[in-house]
Amino acid sequence: VIVEDIQKDVLWKDLKEIAARAGVASCWSHPIRSKNGKILGATALYSPTPRIPTQQELDGLGTAASMFGLAIERAYAEQALEKSKATRAQRESELEDQLHQAAKMEALGVLAGGVAHDFNNMLVTVLGNAEIAMTTVPKDGETHKMLRDIVTASQSATDLCNQMLAYAGRGVMSTQSLECNEMILSLIHI
């Protein structure tokens, strides 16, 4: 855009006073374009007197606009690269956090499984002794009732241990009836 006299140009009607105070009488502007032709902005030369630009001034303005376009595109590319690096670093950090969380959960599962297994072994002793003791006391007595409470609590604790073992990935617990006499007779020879 070539404006020979700002005071007479309709494009400058709202800026005439500002131009006069700045000592600007004519303006020559050139678009700043990207490599693919997209307009990124504009650059301009001003003259303190009304006139048209020389060819040398127009050529210089065009060269400056081309250089500005390259510089702006490079700045945009650098910003995009930095943003990409930051996004990648954030994603890597998130994945690392997820990996740490998974490792913690695995360790917790192993710990829970070990504790549940050991505690279940202790409960078997409590449960077995309570059931044997129940056979040695009268069924209508207070001691039998207390032993029954021990058996009930031990069975509930065993169920809890089995749930913890299942959570820890140590397999699903299954129950089945077993005839102890047959098993003992089959093991006597050992």
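Helices here are DSSP runs of H or I with at least four residues, numbered from the N terminus. That is how helix α2 gets its name in the views below, and the model they show is a predicted one.

**View 1. Arg 88 and Glu 92 pair up along helix α2.**
Glu 92 and Arg 88 form a salt bridge, with the closest N and O atoms 3.1 Å apart. The two residues sit four places apart in helix α2, so about one helical turn separates them. Is Arg 88 buried or exposed? At 57% relative accessibility, Arg 88 counts as exposed, because the cut-off for that word is over 50%. Glu 92 comes in at 45%, which makes it partly exposed.

**View 2. Two further salt bridges in helix α2, starting with Arg 74 and Glu 78.**
Arg 74 makes a salt bridge with Glu 78, and the closest N and O atoms lie 2.9 Å apart. Being four residues apart in helix α2, these two are about one helical turn from each other. Arg 74 is exposed at 59% relative accessibility, while Glu 78, at 39%, is partly exposed. Then there's the pair of Glu 82 and Lys 85, whose side chains meet in a salt bridge at 4.0 Å, N to O. Here the spacing is three residues, again about one turn of helix α2. Both ends count as partly exposed: Glu 82 has a relative accessible area of 48%, and Lys 85 has 47%. How many salt bridges does the count come to? Seven, taking a side-chain nitrogen of Lys or Arg within 4 Å of a carboxyl oxygen of Asp or Glu.

**View 3. A nonpolar surface patch draws on α2 and α3.**
Met 105, Leu 108, Leu 111, Val 115, Phe 119, Met 122 and Tyr 167 together make a nonpolar surface patch of about 700 Å². Which helix gives the largest share of the patch? That's helix α2, residues 55-134, with six residues. Tyr 167, on the other hand, has its place in helix α3, residues 142-167.

**View 4. Three strands make an open sheet.**
The strand order is β1-β2-β3, and the pairing is antiparallel. β1 and β3 stand at the edges with a single partner strand each, so one side of each has no neighbour in the sheet. Between β1 and β2, the antiparallel pairing runs over two bridges, and Ile 2 stands opposite Trp 28 in β2. Strand β2 (residues 26-33) is joined to strand β3 (residues 39-47) by eight bridges, also antiparallel. The hairpin of β2 and β3 has five residues between its strands, and in it Gly 37 takes a positive phi near 95°.

**View 5. Thr 43 sits in strand β3.**
Is this threonine buried or exposed? Thr 43 counts as buried, since its relative accessibility is 14% and the cut-off is under 20%. Setting aside neighbours within four places in sequence, Thr 43 is in contact with Trp 28, Ser 29, His 30, Ile 32, Leu 61, Ala 65 and Phe 68. Of these, Trp 28 is the residue that Ile 2 stands opposite in β2.

**View 6. Two cysteines, and zero disulfides in the structure.**
Cys 27 is buried, at 6% relative accessibility. Its bridge partner in β3 is Tyr 46. Cys 180 is partly exposed, with a relative accessible area of 46%. How many disulfides does the structure hold? Zero.

**View 7. His 144, a buried residue in helix α3.**
With a relative accessible area of 13%, His 144 is buried. Leaving out residues up to four places away in sequence, His 144 touches Met 134, Val 137, Pro 138 and Lys 139. One of these, Met 134, carries the number that closes helix α2 (residues 55-134).

**View 8. Asp 9 in the loop between β1 and α1.**
Asp 9 is found between β1 (2-3) and α1 (16-22). Not counting residues up to four places away in sequence, Asp 9 touches Val 3 and Lys 16. How far apart in space are Asp 9 and Leu 160? They lie 89 Å from each other, C-alpha to C-alpha, and 151 residues apart in sequence.

Note on methods: Residues numbered from 1 in each chain as written. Predicted model: local features only at pLDDT ≥ 70, side-chain atom pairs only at ≥ 80, totals over all residues. Heavy atoms only, no water. Disulfide = S-S within 2.5 Å. Buried < 20%, exposed > 50% of the residue type's maximum accessible area, 1.4 Å probe, protein only. Patch = residues over 30% accessible without salt bridge, like charges linked within 9 Å, V, L, I, M, F, W, Y side chains within 5 Å. Areas by Shrake-Rupley, 256 points an atom, 1.4 Å probe, with all protein chains shown as cover. Pairing = 2+ DSSP bridges. Contact = heavy atoms within 4.5 Å.
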